[in-house]
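Biologist: I'd like to talk through this chain with you. Can we start with the overall picture and then zoom in?

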Amino acid sequence: MKNIITLLAAVLLFAGCKLDPKPLDGGAASQQVSSALVNAEQIDIVPVSINGAKPPQEAFAFSMKILKKYTTDNIVVHPTISLTLDPAQINDFIYDYAQSDRLERLKPEEAAAFREATEKLPKDEATIVMIYTPVLHHNRSSSSRLMRGLAFYYRPDWQPFNVVVYNQSKINNAPVISKTQAWKIVLTHELGHRLGVPARRSHNSHNHCTSRECVMYAAPDWQAVASVAFNGMPYDFCDLCKEELEGAKRL
Ligand SMILES: [Zn+2]
Ligand SMILES: [Zn+2]
């Protein structure tokens with residue numbers, strides 16, 4: 001793969017080619033940066049591990065460093081809540097995560113421990129539940145495509161919070177790059193969805209960034225691979241996304 005990147009880099013250098021952002025293709029959208037996260041005095045991270053899934057420590061620490069950079073130094077990572085689920089139930093459990101009956105799929109002793117752990121936690125817009133799972137589909141159907149990650153926001157009257165989900169099998173088997181590299185990108189990418197970048201329509205296509213040098217770029221394509229040769233891996237937000245995150249800070 002190194003050879004392919006070198007070759008692409010050489011071709012582009014000779015062609016004097018500059019990589020333009022991805023065209024908007026009718027997918028232009030806009031969203032708001034999450035003021036609740038960017039201006040939080042404290043962010044609570046609640047890791048939930050399903051059937052032993054978890055990210056490499058180095059990648060997790062990296063994503064927390066990036067989150068701190070744009071929010072607050074005061075990030076509290078709570079003890080991991082470990083759950084054991086029937087593999088056939090996992091996908092539904094995740095899609096029902098915010099429902100009050102979600103505990104019904106758990107073993108009674110784990111349900112009790114889960115309830116006890118989560119009841120003590122702050123539940124607000126500055127809380128991020130990070131679920132690590134061995135499987136995650138595009139929707140409830142097990143025949144729908146597998147996803148690397150997912151981010152959503154649940155806001156019933158009684159419990160607003162952010163949920164980000166990571167599919168260990170899909171991330172560990174990312175082509176070309178190492179597990180740790182893949183985790184760094186996906187961990188930060190899903191957090192970026194909750195932070196609300198890209199915000200402006202000018203670089204937002206279906207809530208992904210059009211810049212190939214951005215961790216919010218949708219999916220690797222050859223131009224993104226070529227960009228890696230010039231700019232390194234897109235582990236952080238691009239200048240436009242950074243500007244939006246910084247602009248949402250209350251002074
Ligand atoms: Zn995404
Ligand atoms: Zn961006």
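Modeller: Sure. Of the chain's 251 residues, 34% count as buried. Keep in mind that this is a predicted model.

Biologist: What does the secondary structure of the chain come to?

Modeller: Nine helices and eight strands.

Biologist: How do you know that the span of helix α7 agrees with its number of residues?

Modeller: Helix α7 covers residues 179-195, which is 17 residues. The rule is 1.5 Å times one less than the number of residues, so α7 should span 24 Å, and its end C-alpha atoms are indeed 24 Å apart. Right after α7 comes Gly196, with a positive phi near 90°.

Biologist: And why is α7 called largely enclosed by the rest of the structure?

Modeller: A residue is buried if 20 or more other C-beta atoms lie within 10 Å of its own. In α7, 14 of the 17 residues are buried, so the helix is largely enclosed.

Biologist: Which residues touch the most other members of the largest nonpolar core?

Modeller: Ile131 and Cys241, in a core of 51 residues. Elements that each supply at least two residues of this core include β4 (127-133) and α9 (239-247). The largest share, seven residues, comes from α7.

Biologist: What does Cys241 touch, leaving out residues up to four places away in sequence?

Modeller: Val197, Pro198, Cys209, Cys214 and Met216. Contact here means that the C-beta atoms lie within 7 Å.

Biologist: Which domains does this core draw at least three residues from?

Modeller: Domain 1 (1-31 + 200-239) and domain 2 (34-195), at least three from each.

Methods:
Residues numbered from 1 in each chain as written. Chains lettered and ligands numbered in written order. Predicted model: local features only at pLDDT ≥ 70, side-chain atom pairs only at ≥ 80, totals over all residues. Helix = DSSP H or I, 4+ residues; strand = E, 2+ residues; numbered from the N terminus. Buried ≥ 20, exposed ≤ 12 C-beta atoms within 10 Å, placed from the backbone. Core = buried A, V, L, I, M, F, W, Y, C linked by C-beta atoms within 7 Å. Domains from an automatic or database assignment. Contact = placed C-beta atoms within 7 Å.
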